[in-house]
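Trainee: Please choose one part of this structure and take me through it slowly, from its general layout down to individual residues. I would like each term to be explained where it comes up.

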Amino acid sequence: MAEIKIYHLYPGHLNLYGDRGNMLALCCRANWRGIDVEIIPVEPGDKINFPRCDLLFMGGGQDSDQKLIAEDLKGRSQDMRRAVEEGMVIFAVCGSYQLLGLYYTTNRGEKIGGLEIVDLYTEAGQKRLIGNAVIKCSLWDPARTLVGFENHAGKTYLGSSLQPLGTVIAGYGNNGTDKTEGAVYKNLIGTYLHGSLLPKNPWLADYLLQRALDYRDQDYHFTDLDDKLEQQAHDAAIRLAGSRRYKRMATRA
Amino acid sequence: MGKKSGYDLETGGFENRLFKLKLLGGIWAGKKLMGLTRILGRGGTTLPGRMALKILPQLSSALIERLTDDSLIVTGTNGKTTTSALITGILKDAGFRCIHNQSGSNMSWGVASALIGAASWSGSIAADFAVMEVDEGAFPGVTKEIRPGGIVLTNIFRDQLDRYGEVDHVQDSIKRGLELQPENGFEVINADDPSLASIKSIPGKKRWTYGLELDLPADTFQNTGRDIKSCPVCNEKLVYTKIYFAHLGHYHCQACSYKRPEPDVRLIGQISGPEGVTVLKISLPESEFEVKYSLPGTYNLYNVLAAVTCARALEIPVATVARALESAVPSFGRMELFEIEGKTMIMALIKNPVGANEVLRTILAQKGKIGLLVAINDKIADGTDVSWLWDVDFEQLSTIKEKLSTVTVSGLRALDMAVRLKYAGLDPGQVQVEEDTARAINSSLEQTPPGGRLFILPTYTAMLEMRRTLNKLGLAKPYWED
């Protein structure tokens, strides 16, 4: 029987914007297909057994928590990098997404080092970028939409070796200027979108699960689930994000 | 407490006369709009205040000057509406005339609307106190404007992060507001909330603290939004010897000397009596007293305690406080009861994980079959980010599946809620989607059997919509007539 081990990084600290929804979507959708899921919560100071981990989920955190975690993770960034190169799946949202990059520059010009897993950096912006967002994502052919909610002060810029997760249709994306959102490197996906992201974009949840199984060469035929409700919620959220009311709010934020 | 100095509205000078004209203009424009919006069946708590503030930005402070006593602000994430209603009730029982923004419209314009509503057309105000519930984000601005003699702080939880960024920012906002309060004022602070209690007190201001000292059963909810896990002073792990809910309890830091301050006002006993009446034993610095009251849930214990502490700071006699609390009924949309054709509707506002979990706890404790209607809007007053729905323990509902006679989701984000319930373990076939809140109420009510109960859980603007529907059914009093 197929099995996925999900390491959930700091569920006590990185849990800001309904990250629980992402974990629920991964677990439910695996279970509905008869795939076993083992969740291993990781708290600061715990050792992550990277060779055992199939999928690492990192949520969003507050600035104060973030610093704590950056320091805690620094000692393990080499192991993490090796695992990413081998194809371990990482899904990182918001604060953790920034943390995977080279550095973060605060408003006061202070440079906080990142884990240097992927080639991106973040600068603090003057105003928070807040609102509903829709992106077009080419992980699939034809491309599919992803819809979520973003709320970040940092502006992230991708290095040339990185692909964005998608191009912005509505909202701000990585930095509000270059129309990119998120980043993809091998089986690592980073994004600013929450909402929660995975329940309303079930194809992304399935993509992560599939990649985690492939990573361990587990032969499993992915069955389709009844996603009518999720699809309706997805479509409704896109309509709302495009409506005048939200555009007005987005410019006010 | 005397009147504060400020604008002198009665005497000479062109500037002063112009100011007075603008003040009257603001009041008149506000009052006319209020009349108009109420004819349209709305509360008129936003637009009149906004318009009046455009005409005269200092309108609120000018009207507050005319109180014979003082103004009080109640702020924090949860419990603002109930706490400010309890304080207003106590002051009224003590014989004071009070202005209160009871509909929960708590931005600067909500405060202005309440004042305009209470002012006469000539701009005079016949009141002693103004008790204003104020949004955490609007708190510094409103404090600067109305210069309250007393500030009551309930708690800081995760709420509407789309508006405030993060919990840390809410604490900053509260700090800034406290610094803007005039000297010789007082503040009332929840000692059981580590992030509130860690705010340094300002010399010249009297600080009152309150806290629970009860042995309650442990919290069974796994995810009640513990937003604070580390010491607000040194960031090391915070240790709890008691947790009442979320991060409220008895705490101390392992590394530094930070710990829960010894509260001035303590709840030391709670005895449940018949028909939901509870007897509370409260200890003040100089005495102890008992009070009967009938609001449900642990969160209301904190609200009662905050109100009692504020009354103590205002030196209101204990007997008056006890009498006022005995007659307290749930405020606007906080477990309000409506009865129609032998059916009972219970309306409970939900707006963040901690508050919503408390409501779910009450629902889980119900005996017999119940109907459920959840209405989620994502307008600015609700919070435009609905991800908090995923932090609420809706999973608990799957344990009482067979007790749920009907489940309906409604509002602009009805489908988000439907997906949430699917992943919480409810069968999607069991959940009806009706985006229109009026139709959702009517159909849910139709499906509720006589003698049955229907729980309605709306976000703020969904609640306002639903109250209009209930008005039409002849149930809820329009809230401007309370």
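Mentor: Before we look, you need to know that helices (H or I, at least four residues) and strands (E, at least two residues) are DSSP runs, numbered from the N terminus, and that two strands pair if DSSP finds at least two bridges between them. Residues are numbered from 1 along each chain as its sequence is written, while chains are lettered from A and ligands numbered from 1 in the order in which they are written. What you see is a predicted model, in which local features need pLDDT of at least 70 and side-chain atom pairs count only at pLDDT 80 or more, whereas totals for chains, interfaces and linings use all residues.

The part to study is an open sheet in chain B, built from nine strands that follow one another as β2-β3-β1-β4-β5-β6-β9-β10-β11, with mixed pairing. At its edges stand β2 (98-100) and β11 (288-293) of chain B, and because each of them has a single partner strand, one side of each is left without a neighbour in the sheet. From one strand to the next, the twist averages 20°, where axes are lines fitted to C-alpha atoms (for helices over the stretch in contact) and angles run from 0 to 180 degrees between N-to-C directions.

Let us begin towards the β2 end of that order, with the pair made by β1 and β3 of chain B. Strand β1(B), residues 70-75, and strand β3(B), residues 129-133, pair in the parallel sense over five bridges, and in this pair you can find Asp70(B) opposite Phe129(B) of β3(B). Helix α4(B), residues 80-93, lies across β1, β2, β3 and β4 (150-153) of chain B, and its direction is at about 170° to that of β3(B). A second helix, α5(B), which covers residues 108-118, also packs on the sheet: it touches β2 and β3 of chain B and makes an angle of about 140° with β2(B). Contact here has a plain meaning, namely that the C-beta atoms of two residues, placed from the backbone, lie within 7 Å.

Now move along the order to the end that finishes with β11(B). Strand β9(B), residues 265-272, and strand β10(B), residues 278-283, are paired in the antiparallel sense over six bridges, and one place to see this is where Ser272(B) stands opposite Thr278(B) of β10(B). On β10(B) the pairing with β11(B) is likewise antiparallel and is made over six bridges; here Val279(B) stands opposite Lys292(B) of β11(B). How are β10(B) and β11(B) joined along the chain? They are connected by a hairpin, which passes from β10(B) to β11(B) through four residues.

It helps to set this sheet against the chain that contains it. Chain B has 15 helices and 17 strands, and of its 482 residues 51% count as buried, a residue being buried if 20 or more other C-beta atoms, placed from the backbone, lie within 10 Å of its own, exposed if 12 or fewer do, and partly exposed in between. Among contacts in chain B between residues at least 6 apart in sequence, 72% join residues at least 24 apart.

One more strand of chain B, which is not named in the order of that sheet, shows burial clearly. Strand β14(B), residues 370-375, is mostly covered, since a count of its residues gives six of six as buried. The cover is on both faces, with Ile370(B), Leu372(B) and Val374(B) buried on one side and Gly371(B), Leu373(B) and Ala375(B) buried on the other. Strand β14(B) pairs in the parallel sense with β15(B), residues 404-410, over six bridges, and the bridge partner of Val374(B) in β15(B) is Val409(B). Strand β14(B) also runs parallel to β17(B), residues 453-458, to which six bridges join it, and there Ala375(B) stands opposite Pro458(B) of β17(B).

When you go back to the picture, start from the edge strands β2(B) and β11(B), then look for the helices α4(B) and α5(B), and finish with the hairpin between β10(B) and β11(B).
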